[in-house]
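Student: Could you walk me through how the labels on this model are earned? I'd like to see the rules behind them.

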Amino acid sequence: KELEAEVVRLHEEKLRLLADNENQKKIHQRETERKESEAVVKTHSLAIKMIKNKVEKNLEAEGVKEIKIKVSEDRANSYYHEIVATEENSELASNTILEVIKKGYLLRDQVLKASQKTNGITTENEYGLV
């Protein structure tokens, strides 16, 4: 009887160890696949950045450049900017650019595409000044 119980216990332990071993294999396989996927994504990301930089340099060589905007400092200029939204703001001067939604570009100092932005509308501040 004791011998049979020991055989059953050892058999169950063997089955548990085999199951644990299979689980470890699966965990290791998933981890390996995840690392391989991350490596592929990193490689593609780097390639895309390199292509983007090359395109930007080529465009710049042809005279295309981004319209530079200092958010919360620059004021709107209808020649360069398209207002797509407005927001009340009592801290900044009226017509101050609050957010760039889409970048704009120049081609040899002529607007190729106006930047889209959110513009500030001055409201009364704590001193009652507009």
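**Salt bridges, rings and surface**

Tutor: Gladly! By the salt-bridge rule, the count comes to 8 salt bridges. This is a predicted model, where local features need pLDDT of at least 70, side-chain atom pairs count only at pLDDT 80 or more, and totals for chains, interfaces and linings use all residues. Residues are numbered from 1 along each chain as its sequence is written, and side-chain values use heavy atoms, with hydrogens and water left out.

Student: Why is the contact between E13 and R9 called a salt bridge?

Tutor: A salt bridge is a side-chain nitrogen of Lys or Arg within 4 Å of a carboxyl oxygen of Asp or Glu. The closest N and O atoms of E13 and R9 are 3.1 Å apart, so the pair meets that rule. Both residues lie in helix α1, 4 residues apart, about one turn of the helix.

Student: What makes Y79 and Y80 an edge-to-face pair?

Tutor: Rings of Phe, Tyr and Trp (its six-membered ring) pair if their centres lie within 6.5 Å; planes under 30 degrees apart count as stacked, over 60 as edge-to-face and the rest as tilted. A search of the whole structure finds 1 aromatic pair. For Y79 and Y80, the centres are 4.9 Å apart with 85° between the planes, so edge-to-face is the label that fits.

Student: How do you know that Y80 is partly exposed?

Tutor: Buried means under 20% relative accessible area, exposed over 50%, and partly exposed in between (1.4 Å probe, protein chains only). Y80 has a relative accessible area of 27%, so partly exposed is its class. Y79, at 41%, also counts as partly exposed.

Definitions and conventions:
Helix = DSSP H or I, 4+ residues; strand = E, 2+ residues; numbered from the N terminus.
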